[in-house]
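Dear colleague,

Please find below the structure that I am handing over to you. My findings follow it, arranged by region.

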Amino acid sequence: MVAGEPVEGDRVELVVGAVAHGGHCVARHDGQVVFVRHALPGERVVAEITELHRGYLRADAVSVLDPAPDRVAPPCPYARPQLCGGCDLQHVAPAAQLVWKADVVREQLHRLGGLTPDEVADLGVTVEALPGGPLGWRTRVRYAVDAAGRAGLLRHRTHQVVPVDRCLIAHPAVRELPVLAAAGRRWPAADVVETVASSGGDVTVRALAGDTATVVDGPATVTERAAGRDWRLPAEAFWQVHPAAADALVGAVVDLLDPRPGESAWDLYGGAGLFAAAVAGRVGPAARITLVEAAPVGVAAARDNLRDLPRVEIVAARVETALARRRITGPVDLVVLDPPRAGAGAGVVRALVGATRRAVAYVACDPAAFARDVATFRSAGWRLAELRAFDLFPMTQHVECVGLLLPPR
């Protein structure tokens with residue numbers, strides 16, 4: 001334990017405060033903010049300083065002096081300080097993880113989204129668990145490879161590879177793959193090993209070295225099943241990693257938008273076309289639907305999988321470009337907005353405000369980016385009318401939100 005100005009590696013005693021976005025809690029040491037991992041609100045811990053920044057510190061709780069009631073023993077031996085950084089919340093009871101994530105969503109909507117406490121309370125934010133439990137759900141696992149050719153997972157906020165003998169959140173079909181050093185496997189020519197276990201039963205291993213990818217085992221094209229359809233797509237194409245995620249998100253989007261026969265729709269950042277297909281089933285064969293996707297692999301998958309829906313137009317472009325260059329033009333009745341982790345951004349939101357007549361369903365994988373975009377919608381008079389949140393990533397800090405945004409009455 002140290003007194004005075006801490007340096008990296010020092011240990012300090014802290015009383016832990018509220019949860020914060022990023023998988024940590026907030027504490028203070030001599031008036032300085034400390035973001036503490038492996039802790040719970042209300043605990044008294046000994047924390048090791050891991051990073052020094054102007055105005056704040058980062059630390060890991062290495063000893064718990066007064067544990068919180070929701071603390072549990074992490075089931076994985078690698079979910080510890082200085083080891084794997086993939087799971088942020090294994091020390092938190094599963095039910096309490098849902099509360100943790102709901103608290104983060106509420107805080108981001110208030111602090112970044114500009115909602116009043118009453119407006120946040122009216123949304124009734126809760127996080128819904130998906131079937132299958134907190135372990136064995138991740139159908140796509142990306143292993144880094146160290147200098148000795150061993151596949152493993154990365155230490156938190158570093159490029160340091162932690163060799164592991166298994167990953168407990170990985171789908172059983174992924175855990176059984178002989179890709180790790182414990183199975184005697186080495187990858188001397190690879191930088192990354194990607195594994196996929198699709199809902200259609202395909203299991204694929206790919207090795208990546210620089211810009212070159214090689215299918216080592218299994219099919220190059222896999223089948224996923226969601227929204228009442230089979231989806232054929234390259235193993236490297238984006239797909240939700242939880243087996244129940246695609247259906248949960250489609251159900252939420254359709255319920256919130258309530259598409260009506262004949263309405264037009266945009267599916268922005270549309271990937272293989274999951275939401276476009278679901279909306280098409282509700283608006284009917286004569287309605288106009290436009291899907292915008294930038295990634296070539298996603299565009300190809302959408303064209304292949306939606307060929308039975310000729311009224312779905314597929315635009316290969318960045319969403320910002322498609323809007324700015326009028327490759328898509330309003331008015332449009334409904335929009336499904338599923339941007340990457342950075343969010344849609346003010347430019348896209350302003351364009352949607354000017355083009356959308358009835359509603360936007362925003363699918364968000366980052367509550368901070370979502371809240372910032374909600375603030376932009378609100379500045380134009382729109383409101384966040386409903387919100388659903390899902391625990392698509394148990395044991396981690398990540399949470400998925402689906403929000404319904406409506407124009408001024």
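In what follows, Ala, Val, Leu, Ile, Met, Phe, Trp, Tyr, Cys and Pro count as nonpolar, Asp, Glu, Lys and Arg as charged, and the others, Gly among them, as polar. Please note also that this is a predicted model.

I begin with the enclosed space. Rolling a probe the size of a water molecule over the atoms shows where empty space is left. A search of the whole structure returns two cavities of 30 Å³ or more.

The largest cavity has a volume of about 70 Å³. Its lining is made up of 14 residues, and those closest to the centre are S199, E224, W239, H242 and P243. By class, the lining of the largest cavity comprises six nonpolar, five polar and three charged residues. At least two lining residues come from each of strand 14 (221-226) and helix 4 (245-257). Strand 14 makes the greatest contribution to this lining, with three residues.

The second largest cavity holds about 30 Å³ of space. Around it lie P339, P340, R341, G343, Y362, V363, A364, C365, D366, A369 and F370. Strand 20 and helix 9 are the elements that give two or more residues to this lining, and strand 20 has the largest share, three residues. The lining of the second largest cavity divides into eight nonpolar residues, one polar and two charged.

One residue of that lining, D366, merits separate description. D366 is placed in the loop between strand 20 (356-364) and helix 9 (367-379). Is D366 buried or exposed? Its relative accessibility is 13%, and because the cut-off for a buried residue is under 20%, D366 counts as buried. Beyond its neighbours within four places in sequence, D366 is in contact with H21 and R341. R341 also belongs to the lining of the second largest cavity. By contrast, V12 is 31 Å from D366 in space, C-alpha to C-alpha, with their positions 354 residues apart in sequence.

D366 also caps the N-terminal end of helix 9, with a side-chain oxygen 3.1 Å from the backbone nitrogen of A368. Helix 9 itself has 13 residues. From its first C-alpha to its last it reaches 18 Å, close to the 18 Å expected at 1.5 Å a residue. The buried residues of helix 9 are P367, A368, A369, F370, A371, D373, V374, T376 and F377. Among them, A369 and F370 also line the second largest cavity. Which elements do the buried residues of helix 9 pack against? They pack against helix 1 (94-111), helix 8 (346-355), strand 20, strand 21 (383-391) and strand 22 (400-406). After helix 9 comes G381, which has a positive phi, near 95°.

I turn next to the open space. The second largest pocket has a volume of about 290 Å³. Of its 20 lining residues, T50, E51, D60, R155 and H156 are the closest to its centre. Strand 4 (32-37), strand 5 (44-53) and strand 6 (56-66) are the elements that give two or more residues to this lining. The lining of the second largest pocket consists of nine charged, six polar and five nonpolar residues.

Strand 5 also contains E48. E48 counts as buried because its relative accessibility is 19%, and the cut-off is under 20%. The side chains of E48 and R11 are joined by a polar contact of 3.2 Å. Leaving out residues up to four places away in sequence, E48 touches G9, D10, R11, R58, A59, D60, V62 and Q82. Of these, D60 is one of the residues closest to the centre of the second largest pocket.

The remaining residue to report is A79, found in the loop between strand 6 and helix 1. A79 has a relative accessibility of 8% and therefore counts as buried. Residues up to four places away in sequence aside, A79 touches H38, P74 and Q90. The C-alpha atoms of A79 and M395 are separated by 9.8 Å, although these residues are 316 apart along the chain.

With kind regards

Notes. Residues numbered from 1 in each chain as written. Predicted model: local features only at pLDDT ≥ 70, side-chain atom pairs only at ≥ 80, totals over all residues. Heavy atoms only, no water. Helix = DSSP H or I, 4+ residues; strand = E, 2+ residues; numbered from the N terminus. Buried < 20%, exposed > 50% of the residue type's maximum accessible area, 1.4 Å probe, protein only. Contact = heavy atoms within 4.5 Å. 1 Å grid on protein atoms, 1.4 Å probe; cavity = no way out; pocket = protein on both sides within 12 Å on 5 of 7 lines; lining within 4 Å. Points joined across faces, edges and corners; volume = space filled by probe spheres on them. Expected span 1.5 Å × (residues − 1). Polar contact = N/O pair within 3.5 Å; in protein donor to acceptor, adjacent residues only side chain to side chain.
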